[in-house]
Amino acid sequence: MIGFKYRYCKVHMARYIGGDLSEAARRRVGRYIDECEDCHREYRRHREFALKLERSLPTLGRPNQQRLDQLWSSLERELQRPARNSMWLRDFASPHSLQFSYGLVMLAISIALLLPMLIGFHSSLAPVDLPRLPHSISVDRTPRTRAENRQIIFATAEPNCCGRGPMLQNTPAPDL
Amino acid sequence: MIEDRRQSHAEIDAIIARAIAGDQVGYAELYDRYAAALYRLCYSLLMNEQDAEDILQESFLYAFKNLHRFDSGKASLKTWLYTIAVSRCRNTYRRKQFFTVDISQWLGLELKAPPAEAPEAALMRRDAEESISRALLDLSPRLREAIVLRYGQGMTYREISEVMGCPQKTAESRVRLGHQRLKQSLQPVGAGLLEELLRVR
């Protein structure tokens, strides 16, 4: 039973000393401290440690008054300095201005992404020196020899080339 | 007690109003009131004099330039200043996550004993201070903050939760856990070290 009481106290002691236990738990720990010697010893040990921390930690890093005064002097100079840059920064960093800035950045990114595509589109529209396409195909149906019938007459799309009327160009069909 | 606190709040509000109106003496009064405590807080969290001074200066500069934004209905000036300092300390130890050596500490320049202090007393004080600093540095940053605010600055759990930006229950459990860890890490060295630190001061 004492073992259980001690374990219970040990678990709850820090919160008991810190004053953040529920009313029922606080009363229970208090009763165990009164009844059980080990619990009482644990309480005293814990309490002493907390007290020592409370007394020793504030002594850590005690400031040098002379140094604090020097810091104040430089702080005072900073405060007296005209806040032109900071005002500009504040205006620039205001919520509306930020939205505007983000808008500008997004626009710049969009242009940067679209620019290569636009350039590519225009370059595809530019005249390219393609091979001439046949304007019309006609087959001469006059009786000829088998080899002659396989001739396909191509007429180019350039009428009156060199002032001699439509230029006809005979191209022999592939030999099937 | 409550009356005293109310009076003190009214007094601080008056100083703030004067400072906002452009009275330089108002700023000086606020600095005198909080600089030492804020320095101790920064030093206890960072364990480095130079960093603590830098953070102190930055925090005051920010606070003074934004004093018009301070709302005494939401928090006390002390809590507001501590919040600013703690957030700057967090940035600093985030930047210094890698192992760094404080050259002044390395060369033994930091712990200067007062002239009247005997050499043995100075040595004991240094040992005690170092062991506490080590134990604090072994804690995680959040636990260290909770312990320093609770035991070093004597803040209530509510104030700690405001400064740390967490629920009050979380602040309580961080203090409890930090207390346990600190006790464990100081026990092997000897609990007498704390006593020593208190005795020689």
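In chain B of this predicted model, residues 24 or more positions apart account for 61% of the contacts with a separation of 6 or more. For chain A, 35% of the contacts between residues at least 6 apart in sequence join residues at least 24 apart.

**The two chains**

Chain B holds 10 helices and 0 strands. Its elements therefore read α-α-α-α-α-α-α-α-α-α from the N terminus, with helices and strands taken as DSSP runs. Of its 201 residues, 47% are buried. Its accessible surface is about 10,600 Å². Carbon and sulfur atoms hold 53% of that surface.

Chain A mixes 7 helices with 3 strands. From the N terminus the order is α-α-α-α-α-α-β-α-β-β. Buried residues make up 23% of its 176 residues. Chain A exposes about 13,700 Å², with 59% supplied by carbon and sulfur atoms.

**The nonpolar core**

The largest nonpolar core has 78 residues. B:Tyr31, B:Phe60, B:Leu77 and B:Leu136 have the most contacts inside this core. Helix α2 (residues 24-46) of chain B gives the largest share, 14 residues.

B:Leu77 shows how such contacts reach across the sequence. Leaving aside neighbours within four places, B:Leu77 is in contact with B:Ile12, B:Ile16, B:Leu30, B:Tyr34, B:Leu67 and B:Phe70.

**The interface**

Chain A and chain B bury about 3,700 Å² between them. Carbon and sulfur atoms carry 68% of that area. The contact draws 30 residues from chain A and 40 residues from chain B.

There is 1 salt bridge between chain A and chain B. It joins the side chains of B:Glu53 and A:Arg67, at 2.8 Å from N to O. The interface also shows 5 residue pairs in polar contact, both residues being at pLDDT 80 or more. On the side of chain A that touches chain B, the elements giving two or more residues are α1 (2-18), α3 (37-56) and α4 (65-80) of chain A. Helix α4 of chain A gives the most, with 10 residues.

**Salt bridges**

Side chains of opposite charge can pair when their charged atoms come close. Over all chains, the structure has 17 salt bridges. Three within chain B are set out here.

| Pair | Closest N and O atoms | Relative accessibility |
|---|---|---|
| B:Arg33 and B:Glu11 | 2.8 Å | B:Arg33 36%, B:Glu11 41% |
| B:Arg18 and B:Asp23 | 3.2 Å | B:Arg18 32%, B:Asp23 27% |
| B:Glu145 and B:Arg142 | 3.8 Å | B:Glu145 0%, B:Arg142 31% |

Take the salt bridge between B:Arg33 and B:Glu11. B:Arg33 sits in helix α2 of chain B and B:Glu11 in helix α1 (residues 2-20), so the pair ties together parts 22 residues apart in sequence. B:Arg33 is partly exposed. B:Glu11 is partly exposed too.

B:Arg18 pairs with B:Asp23. B:Arg18 counts as partly exposed, and B:Asp23 likewise counts as partly exposed.

B:Glu145 and B:Arg142 lie in helix α7 (residues 141-152) of chain B. They are 3 residues apart, so about one helical turn separates them. B:Glu145 is buried, because its relative accessible area of 0% is under 20%. B:Arg142, at 31%, is partly exposed.

In chain A, a network of salt bridges links A:Lys5, A:Arg31 and A:Glu35.

**Buried polar residues and a backbone exception**

B:Asp51 belongs to helix α3 (residues 49-65) of chain B. Its relative accessible area is 13%, so B:Asp51 counts as buried. Not counting residues up to four places away in sequence, B:Asp51 touches B:Leu46, B:Thr92 and B:Lys96.

B:Ser161 lies in helix α8 (residues 157-164) of chain B. At 10% relative accessibility, B:Ser161 is buried. Beyond residues up to four places away, B:Ser161 touches B:Cys166, B:Pro167, B:Gln168 and B:Ala171.

Most residues other than glycine have a negative phi. B:Met47 is not a glycine, yet has a positive phi of about 55°. B:Met47 is placed in the loop between α2 and α3 of chain B. With a relative accessible area of 6%, B:Met47 is buried.

Technical notes
Residues numbered from 1 in each chain as written. Chains lettered and ligands numbered in written order. Predicted model: local features only at pLDDT ≥ 70, side-chain atom pairs only at ≥ 80, totals over all residues. Heavy atoms only, no water. Core = buried A, V, L, I, M, F, W, Y, C linked by side-chain atoms within 4.5 Å. Buried < 20%, exposed > 50% of the residue type's maximum accessible area, 1.4 Å probe, protein only. Helix = DSSP H or I, 4+ residues; strand = E, 2+ residues; numbered from the N terminus. Contact = heavy atoms within 4.5 Å. Areas by Shrake-Rupley, 256 points an atom, 1.4 Å probe, with all protein chains shown as cover. Buried area = accessible area lost by both parts, 1.4 Å probe. Salt bridge = Lys/Arg side-chain N within 4 Å of Asp/Glu carboxyl O. Polar contact = N/O pair within 3.5 Å; in protein donor to acceptor, adjacent residues only side chain to side chain.
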